[in-house]
Amino acid sequence: MEIRKLAPEERSELLHGFDYAFFEWTGRAIAEDDTEGINSHDVLGVFVDGRLASALINYKFQQSIRGAVKGMGGIGGVWTYPEYRARGFVRALIKAALHEMHELGIATSMLIPFKDRFYANFGYVTSNANLEVKVPIAALSYTLHSNIAGNWQVERVNASTVRDEFLTFMLDLAPSQHHGITIPINATAKQWQEVMDKRLCVRVQQDGKLAAIAIYRINSDYRAAPSDRLIQVFHMYWRTLEARTKLFSFFALHRDQVRYISMDLPMGLNFYQWFQNLNDPCATKVAINPYMVRVTDVEKAIADLPAPTTGKVTIAVSDSFCGWNDRTFAIFAKDGKLTAQRSETSEPDAIATIQAISALVYGTVNVEELEYRDWLKISNPQARATLSSWFPTMMLYSTFKF
């Protein structure tokens, strides 16, 4: 068994593995054009007798965590051919990916699990999924009559052409608006094109400056069932409420073309206040397979997170996969932000698994729940109050799937 990066000429073998694991196997020939969207530097593979037996993709993203932007490793495309399963290949790949993240200074990791109990063995903790909302598009018609002063321009373009503009706008707004949002700032032009080729983008400008943007797909096929004729919004951002109204009014213009609009929204958002006259049913559901998250570097993950109160807590962390985390850290507040550094104390305020640290950083569960699960053991009562103030629970929201 050999674990290494995929060579560019081996990308077709990766796609054959994808076909077997995720799609319908046809034995198709892989054209060179089909492989151009794969960054072989992101792919780790297990090779047996020179043949690819198992693989994963370790995407290099950025992520907003409590308003601070961190490097994030996104684990995706994990597969193993059946004749090589139950031999620990994925375990070895995950460990190699975590080490690669550490070498690159990446602080956190996220994935969408096929089975949460499987990835829990590697220190990942379950967070939450997005809210999927489907609403009659006529409920946005009121925005067409909004009298908003100013010089506004609305333009519709192919989403494959707006990579830099969209990501710059997203990076500017997302950290202050959404916790956990994934920003694929390192996506290549080819990768962006493959995802966005059949999607559209609407840009709203005020006085020549971008004020709102959304990426969407439209299905207005008259042969489809009415419930399937809709606009599906994947990503949207706006600087002002006026810009949001202009964006929604663009979608409202489709009210005689399609019947519904669907959106991926943060859990807990009161989206009802965006609509009027919801006479038809409004369908909501929680997306399947909630994200799982993990801290890969304790010091880097905690650095610069907001600290509403002063204090200091020493925590002895255990992490069987990332030895650099398997030590005691002093966490303290300075100038309204957190800092973590190694400590030599022999009597820490708390003992925590890496699952507890990951849950605290991402806000997946509160301190009381961590203690109940035996992930966190606190010997200093003041530490409990301090950790609770620093790490309140938060709902994660991310729209880029990988």
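## The second largest pocket

In this predicted model, 17 residues line the second largest pocket, and His 178, Met 236, Trp 238, Pro 266 and Trp 274 are the ones that lie nearest its centre. The pocket has a volume of about 240 Å³. If you sort its lining by chemistry, you get 11 nonpolar residues, five polar and one charged.

Where does the largest share of the lining come from? Strand 12 gives six residues, the largest share. Strand 12 covers 230-238, and together with strand 13 (260-265) it belongs to the strands that each supply at least two residues of the lining. Both of these strands turn up again in the sheet described next.

## The seven-stranded sheet

Strand 12 and strand 13 sit side by side in an open sheet of seven strands, whose order is 8-10-11-12-13-7-14 and whose pairing is mixed. At the edges stand strand 8 (152-158) and strand 14; each has a single partner strand, so one side of each is left without a neighbour in the sheet. On average, neighbouring strands here are turned by 20° against each other, direction ignored.

One pairing to follow on screen is that of strand 7 (residues 131-136) with strand 13: the two run antiparallel and are joined by six bridges. Within this pairing, Lys 134 has Ser 262 of strand 13 as its bridge partner. As a reminder, strands of a sheet pair through backbone hydrogen bonds, in either a parallel or an antiparallel sense.

## Two loops with a positive phi

Most residues other than glycine have a negative phi. Two loop residues attached to strands of this sheet go the other way. Asp 207 has a positive phi near 55° and lies in the loop between strand 10 (200-206) and strand 11 (209-219). Asn 277 also has a positive phi near 55°, and its place is the loop between strand 13 and strand 14 (283-286).

Are these two residues buried or exposed? Asp 207 has a relative accessibility of 56% and so counts as exposed, because the cut-off for exposed is over 50%. Asn 277, at 64% relative accessibility, counts as exposed too.

## The five-stranded sheet and its helices

A second place to look is an open sheet of five strands, with the order 18-17-16-19-20 and mixed pairing. Strand 18 (337-342) and strand 20 (376-378) are at the edges with a single partner strand each, so one side of each has no neighbour in the sheet. Neighbouring strands of this sheet are turned by 25° against each other on average, direction ignored. Strand 16 (residues 312-318) pairs with strand 19 (residues 350-353) in the parallel sense over four bridges, and Ala 316 has Ile 351 of strand 19 as its bridge partner.

Which strands does each helix lie across? Helix 8 (residues 354-362) lies across strand 16, strand 19 and strand 20, and runs at about 90° to strand 19. Helix 10 (residues 381-390) lies across strand 16, strand 17 (328-334), strand 18 and strand 20, at about 85° to strand 16.

## Strand 4 and its partners

Strand 4 (residues 68-80) is mostly covered, with 10 of its 13 residues buried. Strand 3 (residues 51-65) runs antiparallel to strand 4, and 11 bridges join the two. Phe 61 and Met 72 of strand 4 are bridge partners. The hairpin of strand 3 and strand 4 has two residues between the strands, and there Arg 66 takes a positive phi near 55°.

Strand 4 also runs parallel to strand 5 (residues 108-111), to which four bridges join it. Here, Ile 75 has Leu 111 of strand 5 as its bridge partner.

## Met 196 and Asn 39

Met 196 is found in helix 5 (residues 189-196). With a relative accessible area of 0%, Met 196 is buried. Leaving aside neighbours within four places in sequence, Met 196 is in contact with Asn 158, Ala 159, Ser 160, Ile 215, His 235 and Phe 400. Ser 160 is 36 residues away from Met 196 along the chain, yet their C-alpha atoms are separated by 4.9 Å.

Asn 39 lies in the loop between helix 1 (11-22) and strand 2 (43-48). A relative accessible area of 25% makes Asn 39 partly exposed. The C-alpha atoms of Asn 39 and Thr 188 are separated by 8.2 Å, with the two residues 149 apart along the chain.

Note on methods
Residues numbered from 1 in each chain as written. Predicted model: local features only at pLDDT ≥ 70, side-chain atom pairs only at ≥ 80, totals over all residues. Heavy atoms only, no water. 1 Å grid on protein atoms, 1.4 Å probe; cavity = no way out; pocket = protein on both sides within 12 Å on 5 of 7 lines; lining within 4 Å. Points joined across faces, edges and corners; volume = space filled by probe spheres on them. Nonpolar A, V, L, I, M, F, W, Y, C, P; charged D, E, K, R; others polar. Pairing = 2+ DSSP bridges. Axes fitted to C-alpha atoms, helices over the stretch in contact; angles between N-to-C directions. Contact = heavy atoms within 4.5 Å. Buried < 20%, exposed > 50% of the residue type's maximum accessible area, 1.4 Å probe, protein only.
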